Structure formats: C-alpha cells, structure tokens
Amino acid sequence: MVSKVSRINHHGKLEMVFEPRRGFTRMPHVFQQPPLKASRELYEGHNPMATVYIMESSGGMVAADRNDISIELKPDSSVRIIQQSALKIYRSHTGETCIQSIRVQVGENARLEWMPEVIIPFADSKFQMETNIHVDKGSKLLWGEILAPGREKRGEVFDFTSMQSSMKIYHEKELVAFDAIHFTPETMHYGQLGMLEDALYIGSIWLVSDTAKELDLRAIQEAMQVGEGLRAGITRLTGNAVHCRFLGVDQWKLQQEMKRVFSDLAARM
C-alpha cells in the first residue's frame, strides 16, 4: 500500500541563453525557478569559454517533482556546464514519477561541454529523463552522464522502482543518436549475459564535431584504462558523431576514467 504524504511538488525551471560579446561568451538571459539555479559565468584567464555551474538547491527530487532545463548557444558561443553535485532521486511516497527534461540548441560554430555527473535513484524511487539536443552546422558538442544503481554503499542496489532515460541528438536536423534506457528491477535480471552482467554503473559520453571523422578510435580505445571491474567501448556514428559507453563496478574508478576520456576528447574537438 502506497502512503499518501501531503507535500508541495517542486517544478524547477532553468533557461539559459549564451552569446559572444566583446571577445567572451556571456549569458545575457537566464530565468531561474527554484530549486534550479545557475551560477554567473566564470572564465579561466583569457579563455573566452564561459563555465557555468548548475545547482539543485532542494537536495534532490521527490515524487512528481519536475525539472525543466533549456540551454541555447547563439552562433560562435563557447560554454562548459558543470552540475554542482550528483542528482538524487528520493523515494516516491505517492507512487508518482520525477521528471527531468533537458532541451539544448547549439548554434552554428558554437561549442558546448556538459560535464558528466551521477544520477542516484534511491530505493522505491521513480525517475524519467528526456534529453533532446540540436547541433547546428560547424558546432561542437561533448556530453556525459552517469547512471548509478542506487546508494550502493548503503546496500541499495537496483532497489528503485523504475528509471527511464531517453537521449536524442540531432546534427543539422538529422537524428544521429537515440539512446533509450528503461530499468524496472522487479522484472529484469541485470546479471544475465547481454545485460549489465557484473556491472553496476553505466556511463556515456557523446561527441558531435566535424573533427570526429578524423579521430583514431582504435588509439582511444587502446588507451582506455579498463579491466578490474571496468569495461568501455567507443563507436563512430553517422553525422560526425562518436559514442563512448562505460560499464563499471566501482563508481569512483568509472568516473575518473570518464573524466580522463572526456578531457582527451575535449582537447581533440
């Protein structure tokens, strides 16, 4: 029996628009509705790339909470988005689903990096995430995400009710990547061959760039520090796109290797 708990649901909204001004990428428009917040633009020396941190001030999402994030890069903008911390999905006391929607538009000759962070579904939680990214001609995208099985250190491993993730990337209006994940632990056996087997964490890095076709994927694959509970592979997609998938037993090890590969790909874009 699902207990009914009276609570005001959060509907976080974050809209960010970036454009180049006086040699640097600025954020002239930002709309914030709690619990979502964005930092001001930060810069490394004379590098025109704007770094912005996204924060979720409530500490996590609970049944029926919703986050809507919209990011628009005007032509020639250069932006790095960093999530301040892992996204926690708390128990669904009402049986309702938490929803996060991300919409991204990368204008011509712009560059966007979304640093990978962990999504942690607690026991009895329900989560649905939809990410839609449109990349225009001459633009560059580097995007990462990590899905956890739960609070592993507390013994919560695939104890959530459901988790859905849908990722779509369009390059010059052509769909070049569609990745759908739907976990329902009560009806799935993750240890089976062809499923996760012994892995607990799933990581992905997506690259879209005109330089993707020049990347030596074999060299990148051979340089990956895999083994001892970590597996990884890299695949070339259509539309100047590349996808890296990571499966790991240990979150820290997977996250460190993903950050290394992310930085390596960022330098090659």
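Biologist: Hi! Which strand gives the most to the lining of the largest cavity?
Modeller: Strand S4 does, with 3 residues. Keep in mind that this is a predicted model.

Biologist: Got it. What is the volume of that largest cavity?
Modeller: The largest cavity comes to about 140 Å³.

Biologist: And how many residues line it, and which lie nearest its centre?
Modeller: The lining has 13 residues, and Ile54, Glu56, Gln83, Ser85 and Leu87 lie nearest the centre. Two elements give two or more residues to this lining: strand S4 (50-56) and strand S5 (66-73).

Biologist: How do the lining residues of the largest cavity divide into nonpolar, polar and charged?
Modeller: There are 7 nonpolar, 5 polar and 1 charged in that lining.

Biologist: How many cavities of 30 Å³ or more are there?
Modeller: The count is 3. The second largest has about 90 Å³ of space. Its lining includes Gln83, Trp114 and Trp143.

Biologist: Which strand gives the most to the lining of that second largest cavity?
Modeller: Strand S12, with 3 residues. By class, this lining has 6 nonpolar, 3 polar and 2 charged residues.

Biologist: New topic: how many salt bridges are there?
Modeller: The count is 15. Side chains of opposite charge can pair when their charged atoms come close. One of the salt bridges joins glutamate 113 to arginine 80, with the closest N and O atoms 3.2 Å apart. Glutamate 113 sits in strand S9 and arginine 80 in strand S6, so the pair ties together parts that are 33 residues apart in sequence.

Biologist: Is glutamate 113 buried or exposed?
Modeller: Glutamate 113 is buried, because its relative accessible area is 3% and buried means under 20%. Arginine 80 is buried too, at 19%.

Biologist: Which residues are linked with those two in a network of salt bridges?
Modeller: Glu44 and Arg111 are linked with Arg80 and Glu113 in that network.

Biologist: What about lysine 253, which residue does its side chain meet in a salt bridge?
Modeller: Its partner is glutamate 228, at 3.7 Å from N to O. Lysine 253 is in helix H2 and glutamate 228 in the loop between helix H1 and strand S16, 25 residues apart. Lysine 253 is partly exposed at 25% relative accessibility, while glutamate 228 is exposed at 78%.

Biologist: Last one: how do strands S1 and S2 run, and how many bridges join them?
Modeller: S1 (residues 11-21) and S2 (residues 24-33) run antiparallel, joined by 8 bridges. For example, glutamate 15 has phenylalanine 31 in S2 as its bridge partner. This hairpin has 2 residues between the strands, and arginine 22 takes a positive phi near 50 degrees there.

Conventions. Residues numbered from 1 in each chain as written. Predicted model: local features only at pLDDT ≥ 70, side-chain atom pairs only at ≥ 80, totals over all residues. Heavy atoms only, no water. Pairing = 2+ DSSP bridges. Helix = DSSP H or I, 4+ residues; strand = E, 2+ residues; numbered from the N terminus. 1 Å grid on protein atoms, 1.4 Å probe; cavity = no way out; pocket = protein on both sides within 12 Å on 5 of 7 lines; lining within 4 Å. Points joined across faces, edges and corners; volume = space filled by probe spheres on them. Nonpolar A, V, L, I, M, F, W, Y, C, P; charged D, E, K, R; others polar. Salt bridge = Lys/Arg side-chain N within 4 Å of Asp/Glu carboxyl O. Buried < 20%, exposed > 50% of the residue type's maximum accessible area, 1.4 Å probe, protein only.
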